[in-house]
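Let's take a look at a protein and the molecule it holds. Keep the structure open while you read.

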Amino acid sequence: MVKKIGILTGGGDAPGLNAVIRAVTKTCCSEYGMTVMGIENGFGGLIQNRIRELTAADVTGILPRGGTILGTTNRDNPFHYPVVKGDKKVFADVSDRVFENMSIHDMEALVVIGGDGSLAIARQLHDLGLKVVGVPKTIDNDLSATDQTFGFDTALATATEAIDKLHTTAESHHRVMVLEVMGRYAGWIALASGLAGGADVILIPEIPYQLEKVIDKINKRSQQHKKFSIVVVAEGAKPEDGEMVVQKTVEDSFDPVRLGGIGNVIAQQVEKHTGKESRVTVLGHLQRGGSPTAFDRILATRYGTEAANLLAREKFGAMVCLQGNTISSVSLAEATGELNQVKPDNDMIKSARKLGICMGD
Ligand code: F6P
């Protein structure tokens with residue numbers, strides 16, 4: 001059995017990261033007698049040798065805490081790492097440093113807690129011979145090999161609470177309130193929170209919208225003497241004849257473009273075409289912060305203990321996953337194959353349509 005392992009968190013933070021770190025560390029130390037090394041700031045720490053021991057005492061009390069005690073980044077890809085050559089910044093493959101630092105600390109295997117970007121790197125490292133176990137994290141819930149990623153449930157609860165609160169002003173001032181939520185290629189947060197919060201319009205990346213349909217829905221509500229409307233839009237939503245709204249490009253990030261601004265675009269157009277005062281709220285990183293829900297704490301804990309079991313059984317190149325209500329595992333190849341996007345025949349979409357919610361098409 002492996003005796004010493006490393007653990008890192010990569011990509012954007014998500015509620016439940018600390019719960020996974022705690023579960024992996026406690027199970028590895030107490031159940032399997034392993035030593036656990038915590039790697040700081042994702043793959044960056046593995047490249048730059050920022051590594052320290054994590055004992056069971058170090059993870060006491062972190063279960064309800066948001067964020068990650070190890071730090072994280074959505075930069076520092078070892079296969080595309082910025083280095084200075086002469087007076088120029090270039091990108092190079094520095095994956096040999098990962099293997100060097102694993103060996104300096106006698107770490108025989110690595111737990112990577114991350115989303116599609118981090119798990120794709122984990123898969124590449126595994127292909128080069130590193131013993132890796134993955135844990136699926138992302139508030140976007142866009143990994144296809146698991147029924148749910150941890151972090152999503154908490155983000156959903158935050159977005160739903162925001163819609164509930166926006167109803168107050170919408171009703172009192174007879175306004176259209178637009179809520180922009182995260183979800184770059186997958187609209188799970190928008191769809192589920194829109195349904196849970198009773199939105200009138202839900203716009204997701206998977207269903208390019210027609211502005212006329214949105215306007216039509218809001219006008220119809222006015223005719224029915226419903227004086228306000230709630231629109232929930234995913235940051236990656238786009239019109240049928242247009243593109244996503246990009247704030248800036250980020251060359252060395254796992255996410256090559258920073259999205260944001262579609263809520264504003266929708267609010268301006270709605271106000272122009274309906275004459276109704278329209279306001280926008282961008283929920284942003286509030287969705288990633290705070291204490292995980294009970295569901296996310298339990299899911300993260302189950303994922304963490306199963307990741308430790310996989311290490312003990314020497315089942316590498318795998319990612320823990322949820323299938324139905326059972327914790328299982330899939331290969332990293334399967335885990336990173338395709339994104340989990342909302343399918344047009346998804347049950348929540350069918351329900352939304354039956355309730356008369358406009359999906360933009
Ligand atoms: O992947 C999760 C996510 O929350 C996306 O929905 C969003 O586009 C991205 O992270 C934002 O990342 P950052 O905090 O780096 O801007």
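## The ligand and its pocket

The ligand takes up the space of the largest pocket. On a 1 Å grid over the protein atoms alone, a pocket is an open set of points with protein on both sides within 12 Å along at least five of seven lines. A molecule sits in one if more than half of its atoms lie within 2 Å of its grid points.

A quick word on the source: this is a predicted model, where local features need pLDDT of at least 70, side-chain atom pairs count only at pLDDT 80 or more, and totals for chains, interfaces and linings use all residues. Residues are numbered from 1 along each chain as its sequence is written, and side-chain values use heavy atoms, with hydrogens and water left out.

So who's around the ligand? With a heavy atom within 4 Å counting as near, the residues are N74, I139, D140, M182, G183, R184, E235, H285 and R288. This shell splits into two nonpolar, three polar (Gly counts here) and four charged residues.

Three side chains have an N or O atom in polar contact (a pair of N or O atoms within 3.5 Å) with a ligand oxygen:

| Side chain | Distance to a ligand oxygen |
|---|---|
| N74 | 2.7 Å |
| E235 | 2.6 Å |
| R288 | 2.9 Å |

The protein covers 80% of the 400 Å² of accessible area (Shrake-Rupley method, 1.4 Å probe) that the ligand has on its own.

Both domain 1 (4–150 + 292–335) and domain 2 (155–289), with bounds from an automatic or database assignment, give at least three residues to the shell. Their centres, taken over C-alpha atoms, are 33 Å apart. Their contact (heavy atoms within 4.5 Å) takes 22 residues from domain 1 and 18 from domain 2.

How values were computed
A polar contact is a pair of N or O atoms within 3.5 Å; within protein, one must be able to donate a hydrogen and the other to accept it, and residues adjacent in sequence count only if both atoms are side-chain atoms. On a 1 Å grid over the protein atoms alone, a cavity is a set of points where a 1.4 Å probe fits but cannot get out, and a pocket is an open set with protein on both sides within 12 Å along at least five of seven lines; lining residues have an atom within 4 Å of a point.
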